[in-house]
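Work through the following exercises with the sequence and the coordinates at hand, and compare your reasoning with the worked solutions.

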Amino acid sequence: MAITHTMTPLGGKGHFFEGARWRDGAWWVSDLYAHEVLRIAPDGATRVIARVDGQPSGLGWLADGTLLVVSMKDRRVIAVAADGTTRVHADIRALTACYANDMVTDARGNAWVGNLGFDLFVGEKPRPADLVHVAPDGTARIVAADLLFPNGMVVTPDGQTLIVAETFGARLSAFAIRPDGSLGDRRVWAEVGRMPPWDELHSLLQTDIMPDGCAIEAQGCVWMADAMGARVVRVAEGRGIIAEIAAPPGMGLYSCALGGADGNQLLVCCAPDYDDLKRAAVREAQLFIIDLPAFMVSKA
């Protein structure tokens, strides 16, 4: 489905934006290689909320409004106080095999954190990863295994289901959320492309899509960044991709969020590529706002 749209730049350029969210009337993102968490007003005014030397990624909030940030390289979840000071909310090094990555939280302050499973930056042999649950008190445990690079995640509006984008699995998988934050009833929520073989690192490129950061509509469709295809796609349960929007020429697209005053804006995080050395060296990443048709995001 073709969508008529314009992309409006938001704020200044960065190194590589991730973890996009809408909260309290503003957009929130991590700039991985600036080591900063940013709050960006609708007019583009930007404020640094926290600095995370271990490289910030996924963002979420506890029930009392405390900001949580994934610190990728030291595999911790950091809590940020209102004055910007930080503390370790959860240490998940013993529960993760490689860099921690994206995260989603629910209204009760439960957090689910993904990780790469293997170090693709140094060419390690691919292996599946576990998903970690961090309770509101910071207690952490593994709640799902054998995910093919769990990346972007969303919780459905009713709070009952966690949907996980598997970057090297060409699919979205869903889990029932139990009262204690553990997960069950795993199923494929939507297949979105061709599953690559998991023999060697290079074989993971034998696919046509790489699911990345996600956002969910009130009516249940998921918007998902495609890190391979330089696009953001709209995915329906059991049907797969039903619409797509291409990134600007020369850009890839790696995360997205739904928000805005009327809830009908899509924020997309774009950069020329995801090469860590190239992105750390220059500020070429850009955030864009897309105004979506109201029928796509309104409640049924």
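**Exercise 1.** In this predicted model, determine which residue of S15 stands opposite Met-153, and then describe how S14 and S15 are paired.

*Solution.* Begin with the single position and then widen the view to the strands. Opposite Met-153 stands Val-164, a residue of S15. Strand S15 covers residues 161-166, and its pairing with S14 is antiparallel, extending over four bridges.

**Exercise 2.** Place S14 and S15 within their sheet, and explain which strands lack a neighbour on one side.

*Solution.* First establish the order, which is S14-S15-S16-S17 in an open sheet of four strands with antiparallel pairing. Next consider the ends of that order: S14 (150-155) and S17 (183-191) each have a single partner strand, so that one side of each edge strand is left without a neighbour in the sheet. Finally, add the geometry, in which the twist from one strand to the next averages 25°.

**Exercise 3.** Decide how many disulfides the structure holds, and examine the surroundings of Cys-256 and Cys-269.

*Solution.* The count is zero disulfides. For Cys-256, which is in no disulfide, the nearest cysteine sulfur belongs to Cys-214 and lies 6.3 Å away. For Cys-269, the closest cysteine sulfur is that of Cys-270 at 7.4 Å, which is too far for a bond, given that a disulfide requires two cysteine sulfur atoms within 2.5 Å. As a last step, turn to accessibility: Cys-256 counts as buried because its relative accessibility is 0%, and Cys-269 counts as buried at 1%, the cut-off for buried being under 20%.

Terms used:
Residues numbered from 1 in each chain as written. Predicted model: local features only at pLDDT ≥ 70, side-chain atom pairs only at ≥ 80, totals over all residues. Heavy atoms only, no water. Pairing = 2+ DSSP bridges. Helix = DSSP H or I, 4+ residues; strand = E, 2+ residues; numbered from the N terminus. Axes fitted to C-alpha atoms, helices over the stretch in contact; angles between N-to-C directions. Buried < 20%, exposed > 50% of the residue type's maximum accessible area, 1.4 Å probe, protein only.
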